[in-house]
2 protein chains.
Amino acid sequence: MQTIEQLLESKDIRVTAMRLLIYKFLAEKEVAVTLSDIEDAFEKSDRTTLYRTIKTFEEKDIVHQIDDGTGITKYALCEKGCNCEIETDLHLHFHCNNCNETICLTDHKIPQIKVPDGFVSENVNLVVKGICDKCSGQ
Amino acid sequence: MQTIEQLLESKDIRVTAMRLLIYKFLAEKEVAVTLSDIEDAFEKSDRTTLYRTIKTFEEKDIVHQIDDGTGITKYALCEKGCNCEIETDLHLHFHCNNCNETICLTDHKIPQIKVPDGFVSENVNLVVKGICDKCSGQ
DNA sequence: AAACAGATGCAATGGAAGTGCATTATTGGC
DNA sequence: GCCAATAATGCACTTCCATTGCATCTGTTT
């Protein structure tokens, strides 16, 4: 079990107080968060810092970006089973139309999608919309 | 074979010169277009008009919106086999990482996606990214 | 301690989406 | 055909999110 510090260092990311806090914030969240969410959680800090921190995390494959169709970019920690580095990794995200939250279903893989002749599939983005387990009353 | 005028009327959309032109523009395009694309094609007209025309078309299920992950909303005509009215219609779109164009693969349906217990799937947005037939050199 | 690189904060920009309101065009009743 | 009602169009403006430039600060290296 490596510490967050070790994780960041292993990815060539300089460890700062802010980065540790943001990482912890993301780790505690079970849902994908927007930049605004992070802003709200760290009002003392500047938007830009938060934005650039997320971008750094993204470059180093610590978080991945999710486009759930709300028009607002969301981010979530890459967890075990999330091979974002690999182009062909098949993400699956679920967006709840009720609570408006988006979660990462890393253990639900996407079936192979057939494309017409001449087309080359490199990557698949799949967002399922509906009602999440919390909202469906279970 | 009904005319565009008849189609618009059947959907309770008042026929105007602008709407006919925009419809024809969309029909000629084989790819999904952004609002900017339409703007560029109709410089004489105002953004707002084009925007509201597309929104009207969208409400009346003449075009559907596509979120291909570029962050910019695209639109495409609903064609035969495109049942946008139906929530559960399984759209499949292809975004080319080379030419940056997005096309609608209406005849390629999406397989049933399994979601965890407690989750209810209402709608699926699937975008396959890769290289399109034109760019793959076929 | 000095020099450097990188992190942070502030200000500003840009692009897309959306809205309010005045003007113009179209339709339907007379 | 004319007039009133209704809808479409155009202009200006606003909002929201994403992004960048630059100055400052902090931490690291020699």
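**Helix α4 of chain B and the relation between the two chains**

In chain B, helix α4(B) is followed by D61(B), a residue whose phi is positive, near 60 degrees. The model described here is a predicted one. Helix α4 of chain B itself covers residues 47-59, and its 13 residues reach 18 Å from the first C-alpha to the last, which is close to the 18 Å expected at 1.5 Å a residue.

Along this helix, L50(B), T53(B), I54(B) and F57(B) are buried, that is, they have under 20% relative accessible area. Seen down the axis of α4(B), the buried residues fall within an arc of 95 degrees, and they therefore line one face of the helix. An α-helix has 3.6 residues a turn, so residues three or four places apart point the same way. The buried residues of α4(B) pack against three helices of chain B, namely α1 (4-10), α2 (17-28) and α3 (35-41), and against the strands β2 (63-66) and β3 (74-77) of that chain. On the other side of α4(B), by contrast, R52(B) and E59(B) are exposed.

As for the two chains together, chain A can be laid on chain B with an RMSD of 0.2 Å by a turn of 179 degrees, combined with a shift of 0.1 Å along the axis. The two copies are thus related as by a two-fold rotation axis. Within chain A, the C-alpha nearest this axis belongs to L126(A) and is 2.3 Å from it. Of the interface residues of chain A, 97% are also interface residues in chain B, so the copies meet through the same surface.

Terms used
Residues are numbered from 1 along each chain as its sequence is written. Chains are lettered from A and ligands numbered from 1 in the order in which they are written. This is a predicted model: local features need pLDDT of at least 70, side-chain atom pairs count only at pLDDT 80 or more; totals for chains, interfaces and linings use all residues. Side-chain values use heavy atoms; hydrogens and water are left out. Copies are superposed by least squares on the C-alpha atoms of residues with pLDDT of at least 70 in both. Contact means heavy atoms within 4.5 Å. Helices (H or I, at least four residues) and strands (E, at least two) are DSSP runs, numbered from the N terminus. The expected span of a helix is 1.5 Å times one less than its number of residues. Buried means under 20% relative accessible area, exposed over 50%, partly exposed in between (1.4 Å probe, protein chains only). The arc is that of the directions from the helix axis to the C-beta atoms.
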